Amino acid sequence: TGIVFAISSLMLMCIAFCPGAMASDVFTVRDGVLIEYNGTDLYVVIPEDVTAIGERAFAECEELIGISIHDGISSVGDEAFYGCMGLESVELSGSVEKIGDFSFYGCMNLKEVKLSEELKSIGENAFAVCTSLESIWMPDSVESVGDYAFYGCMGLKDVRISSGLSKIEKGVFNFCGALDNVVIPKRVVEIGDYAFAGCMGLADIAIPDGVEIIGSNTFQECIS
């Protein structure tokens, strides 16, 4: 089904009937990588010949509400949707294996994210300052989550951490003030500096016996 942002019947109708919604001249594609989008449409369909979303391809498209990306996309590049404040939901198809650094940084209206079952890595600050994000469910295929990946997601309350992780990196959930319950997977041996600092609502965290290292200020200001 591809990746669908802000799925709604209105979006689908607009994609089908709005003038200019399918215009190919607004895309720059090289060797299968979407390099740049130069349009102003609220809803966008990615061309079928695209296999990856490049760095900053849609960065700061603040008017962008919805985007439909076909199955076959393997990665979302660094800062690909940086500052797209109109986006409300994200669904990643099974073909997406990598989300780059700062990919969705500052998407402040992003409320819902469905991650690919084949996803392997989430980059640094990938969803940082997505202040409306309410939950995240990581599939067990995820093997790495970069520093500060969910930094400042103040609305984030429900989190399921991948059992494929062996380390919780620095500041991953720093300043996720609404987060109240966390279960650390059994494979984890290290929890990095500031990983849960500023999680003022955190009242319950299950840490397995196998954890050998807990970094500095990991639970700073966890006053609950």
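Trainee: How many helices and strands does the secondary structure of the protein chain come to?

Mentor: This is a predicted model, and everything said here about the chain is computed from it. The secondary structure of the protein chain comes to one helix and 19 strands.

Trainee: In which order do the seven strands of the open sheet stand?

Mentor: The sheet is open and its pairing is mixed. Read across the sheet, the order of the strands is β2-β3-β5-β7-β9-β11-β13.

Trainee: Which strands stand at the edges of that sheet, and why is one side of each left without a neighbour?

Mentor: Each of the edge strands has a single partner strand, so one side of each has no neighbour in the sheet. These edge strands are β2, residues 27-30, and β13, residues 144-145.

Trainee: How many bridges join β2 to β3, and which residue in β3 stands opposite Val 29?

Mentor: β2 and strand β3, the latter covering residues 33-37, run antiparallel and are joined by four bridges. The hairpin that they make has two residues between the strands, and in it Asp 31 takes a positive phi near 50°. Opposite Val 29, in β3, stands Leu 34.

Trainee: In which sense do β5 and β7 pair, parallel or antiparallel, and what is the bridge partner of Ala 52?

Mentor: Strand β5, residues 52-53, and strand β7, residues 75-76, pair over two bridges, and the sense is parallel. The bridge partner of Ala 52 in β7 is Ser 75.

Trainee: Is Ile 161 buried or exposed?

Mentor: Ile 161 is found in the loop between β14 (158-160) and β15 (167-168). Leaving aside residues up to four places away in sequence, Ile 161 touches Met 138, Ile 168, Phe 173, Val 182, Val 183, Ile 184 and Pro 185. Of these, Pro 185 lies 24 residues from Ile 161 in sequence, while the two are 6.9 Å apart in space, C-alpha to C-alpha. Because the relative accessibility of Ile 161 is 7%, and the cut-off is under 20%, Ile 161 counts as buried.

Trainee: Which residues form a nonpolar patch on the surface, and how does Met 200 count in terms of accessibility?

Mentor: The patch is formed by Met 154, Phe 175, Met 200 and Ile 223, which together have about 390 Å² of accessible area. Met 200 is found in the loop between β17 (190-191) and β18 (204-206). Since its relative accessibility is 39%, Met 200 counts as partly exposed.

Trainee: What share of the 224 residues of the protein chain counts as buried?

Mentor: The accessible surface of the protein chain comes to about 10100 Å², and 49% of that surface belongs to carbon and sulfur atoms. Counted by residues, the buried share of the 224 is 49%.

Conventions: Residues are numbered from 1 along each chain as its sequence is written. This is a predicted model: local features need pLDDT of at least 70, side-chain atom pairs count only at pLDDT 80 or more; totals for chains, interfaces and linings use all residues. Side-chain values use heavy atoms; hydrogens and water are left out. Two strands pair if DSSP finds at least two bridges between them. Patches are made of residues with over 30% relative accessible area and no salt bridge: like charges are joined within 9 Å, nonpolar side chains (Val, Leu, Ile, Met, Phe, Trp, Tyr) within 5 Å. Accessible areas come from the Shrake-Rupley method with a 1.4 Å probe; for residues, only the protein chains shown count as cover. A salt bridge is a side-chain nitrogen of Lys or Arg within 4 Å of a carboxyl oxygen of Asp or Glu. Buried means under 20% relative accessible area, exposed over 50%, partly exposed in between (1.4 Å probe, protein chains only). Contact means heavy atoms within 4.5 Å.
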